[in-house]
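I opened this notebook to record aromatic and charged side chains. My entries follow the model below.

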Amino acid sequence: MSINIKDIQAPIASEMKEFESKFRNSMKTDVMLLDQIMKYIIHRKGKQIRPMFVFLTAGMCGGIQEATYRGASLIELLHTATLVHDDVVDDSNYRRGFFSINALWKNKIAVLVGDYLLSRGLLLSVDNGDFDLLKLVSTAVKEMSEGELLQIEKARKLDISEEIYFDVIRQKTASLIASCCAVGAASAGSSSEVVEKCRLLGEKIGMAFQIKDDLFDYGNAEIGKPTGIDIKEKKMTLPLIYALNHADRSTKNKIINLVKRHSNKPAKVSEVIEFVKQSGGISYTQNAMMNYMNEANDILASFPDSDYKTALIGLVRFTIERTK
């Protein structure tokens with residue numbers, strides 16, 4: 001039976017509604033152009049998975065406090081800043097089906113908007129003395145930048161090992177979800193041991209989340225034909241890494257040559273996808289994803305039963321069962 005995100009959100013429905021209102025107010029500004037862009041950013045928000053992790057973890061760890069709202073806002077502000085800057089770096093015109101900020105208002109304004117969001121997040125924490133929360137989120141942003149640069153460095157040579165791949169996704173994706181869970185626990189007044197346990201919980205969930213994303217590149221029943229976007233962008237993900245590691249030298253050289261020099265040709269991309277499927281790369285990657293999910297559930301099992309804990313278990317399931 002598929003999991004509905006609204007059912008997962010049920011224990012924190014009123015808090016999420018209040019958070020939306022507080023977050024919207026925190027984005028208001030007297031500069032008309034900036035206010036217009038802030039409204040646009042709020043309008044195109046996604047499922048709000050990150051604030052959900054913050055509130056559910058806080059609830060599981062003793063109770064949602066005023067600091068929990070600020071922690072969730074901090075994460076949203078800093079993460080949105082990184083996304084706005086990412087779209088400039090990638091020269092991307094779309095984000096979640098909407099036009100990106102740089103596509104509508106050009107690069108200079110997009111960079112300044114990213115800077116503004118970053119400063120709003122920093123001031124929110126400094127003004128309220130939330131230095132522990134600021135440290136957790138700033139560490140995640142640092143790791144995300146390092147992970148992105150590590151991936152760029154390795155993409156040039158296509159020499160990513162499994163170990164480096166896991167390092168990249170831990171920094172690029174898992175560090176943010178880890179900070180959500182750690183911030184939730186810290187905002188509830190948890191001990192440093194519990195905060196670290198929740199950070200590790202978020203890291204495991206984040207690893208599973210990114211591996212699921214990497215599997216989408218090879219298609220499945222729900223999303224139809226394989227997309228091959230990662231291959232076109234010369235990104236080495238776990239299915240391809242595993243397949244190359246278990247291929248003979250000539251096959252390996254042939255596939256690497258296809259990715260390096262012919263990734264703009266759909267027929268060649270399909271050839272790479274078929275090679276990965278035939279080599280067992282998909283099932284190996286699915287097993288890796290399930291291992292992280294099981295590790296996350298083991299951590300959750302150590303917490304007392306509550307509606308928040310049940311919802312988090314559901315959110316972990318949603319992470320690997322989602323179809324987009």
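I looked up the contacts of Glu15 (heavy atoms within 4.5 Å) and found that Glu15 touches Phe55, Ile64 and Tyr69, leaving aside residues up to four places away in sequence. The model is predicted: local features need pLDDT of at least 70, side-chain atom pairs count only at pLDDT 80 or more, and totals for chains, interfaces and linings use all residues. Residues are numbered from 1 along each chain as its sequence is written, and side-chain values use heavy atoms, with hydrogens and water left out.

I located Glu15 in helix α2 (helices are DSSP runs of H or I, at least four residues, numbered from the N terminus). Glu15 is buried (under 20% relative accessible area, 1.4 Å probe, protein chains only) yet has no salt bridge (a side-chain nitrogen of Lys or Arg within 4 Å of a carboxyl oxygen of Asp or Glu). The nearest side chain of opposite charge, Lys22, is 11 Å away (Lys and Arg count as positive, Asp and Glu as negative; His and the chain ends are not counted).

I then checked Lys22 and noted that it lies over the face of Tyr69, at 4.3 Å from the ring centre (NZ of Lys or CZ of Arg within 6 Å of the centre and within 35 degrees of the ring normal).

I noted that Tyr69 forms one aromatic cluster with Phe19, Phe23 and Phe55. Ring pairs of Phe, Tyr and Trp (its six-membered ring) have centres within 6.5 Å; planes under 30 degrees apart are stacked, over 60 edge-to-face, the rest tilted. The structure holds six aromatic pairs. Phe19 and Phe55 are edge-to-face because their centres are 5.7 Å apart and their planes at 65°. This pair joins helix α2 (residues 13–26) to helix α4 (residues 49–60), 36 residues apart in the chain for Phe19 and Phe55. Both Phe19 and Phe55 are buried.

Terms used:
Helix = DSSP H or I, 4+ residues; strand = E, 2+ residues; numbered from the N terminus. Buried < 20%, exposed > 50% of the residue type's maximum accessible area, 1.4 Å probe, protein only.
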